[in-house]
Amino acid sequence: MSAATVTASASQGKPRDAARRLRIYGWRLALFVAGIALWQAASLLKGAAFYISSPSAIWARETQWFADGTLLFHTTITIEETVAGFALGAVAGIAAGFIIGPQRDVGEVLDPFIIALYSIPKVALAPLFIVWFGIGIWMKIILAMVTVFFIVFFNTVAGVRNVDPDLVNAVWLMGGSSREILFKVIVPHALSAAITGVRIAIPYALIGAIVGELIASNRGIGYLVSSAASQFDTAGVFAALIVLTVLATVLNSLVNVVDRRTSRWKVDADLSLRPN
């Protein structure tokens, strides 16, 4: 196949890709609008608004919170707790995974203890963290960090231990050192698994922070949820949940950018696309 043919094929593929993306975005918008319309219609049923509120009431509450500064204040607190806990947990999980993963014997010794700690429900740790760290921001950060750590750690270890042994042996035969094998073979191979763990852990960082706020706090989105629920304010609860959804989406988008920049060598397979 000549270079001209490849260039022509690529040029023809770009309009098809653009049309496909436009079609997908159109369906997403249609589903969103249909969902909002059905929700608004359902809220008009007798007594339904008490249980499911309505998009219009939720929008009014969001507007009110934005105008009086409530939304900015509490969202900033939750973002600080989530980002700090997420960053600490992700870094610690990746570091521990790369340290323990290549050491098979060390891993087998520590596995039962790590699994035992992982099996403890993180919500159950919150009262203990209150005793250790108080009810300030650090309690929420530590709870989010612990929640994130194990997810990232297990994914990183899995990536390290699934490195192709033939590739490692080939580097050994070429005179590669242990350091070169770690940084030129194991780390690049396991990085994709580690990034996957980081992506999975994003909502769990939010969960850790929110659980801490629900248990003991007078600020943050979790506090808004708890306060609204105690007043049977369904619109307020949904408004706070929507803010959490937006935060999780933004964080996940940032990690997707990092994933694309660190994994440019990967090729996506799409079985739905067939050659003509």
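**A buried serine, two cores and some rings**

Let me begin with S53, which is buried, with a relative accessible area of 5%, where buried means under 20%, exposed over 50% and partly exposed in between, for a 1.4 Å probe and protein chains only. What we are looking at is a predicted model, in which local features need pLDDT of at least 70 and side-chain atom pairs count only at pLDDT 80 or more, while totals for chains, interfaces and linings use all residues. Residues are numbered from 1 along each chain as its sequence is written, and side-chain values use heavy atoms, with hydrogens and water left out.

S53 sits in the loop between helix 2 (48-52) and helix 3 (55-68), helices being DSSP runs of H or I with at least four residues, numbered from the N terminus. Beyond four places in sequence, S53 is in contact (heavy atoms within 4.5 Å) with W39, S43, A48, I58, T234, A235 and F238.

Next comes helix 3, whose 14 residues, at 1.5 Å a residue, should span 20 Å, and whose end C-alpha atoms are indeed 20 Å apart; the expected span is 1.5 Å times one less than the number of residues. Its buried residues are P55, I58, E62 and W65, and because they fall within an arc of 90° when seen down the axis, they line one face of the helix, the arc being taken over directions from the helix axis to the C-beta atoms. An α-helix has 3.6 residues a turn, so residues three or four places apart point the same way. After helix 3 comes G69, with a positive phi near 85°.

W65 brings us to the largest nonpolar core, which has 17 residues, and in which W65, L206, I221, L224, A240, V243 and L244 touch the most other members; such a core is a set of buried Ala, Val, Leu, Ile, Met, Phe, Trp, Tyr and Cys residues joined through side-chain atoms within 4.5 Å. Helix 3, helix 9, helix 10 (221-230) and helix 11 (234-262) each supply at least two residues of this core, and helix 11 gives the most, eight residues. Apart from this core lies another, of 15 residues, among them A96, I114, L125 and F129.

Of the members just named, L206 lies in helix 9 (residues 178-215) and is buried at a relative accessible area of 7%. Leaving aside neighbours within four places, L206 is in contact with T78, T82, L244, L247 and A248, and although L206 and T78 are 128 residues apart along the chain, their C-alpha atoms are separated by 8.0 Å.

Turning to the rings, there are twelve aromatic pairs, meaning Phe, Tyr or six-membered Trp rings with centres within 6.5 Å, called stacked under 30 degrees between planes, edge-to-face over 60 and tilted for the rest. W132 and F133 form an edge-to-face pair, 6.3 Å centre to centre with 85° between the planes. F149 and F153, by contrast, are stacked, since their centres are 5.7 Å apart and their planes at 10°; both lie in helix 7 (residues 137-161), about one turn apart.

Finally, confidence: the mean pLDDT, the predictor's per-residue confidence from 0 to 100, is 81 for the protein, and 81% of its residues reach 70 or more. Among the elements, helix 8 (residues 165-173) has the lowest mean, 66, and helix 3 the highest, 91. Over residues 267-276 pLDDT stays under 50. Where pLDDT is low, the predicted coordinates should not be read in detail.
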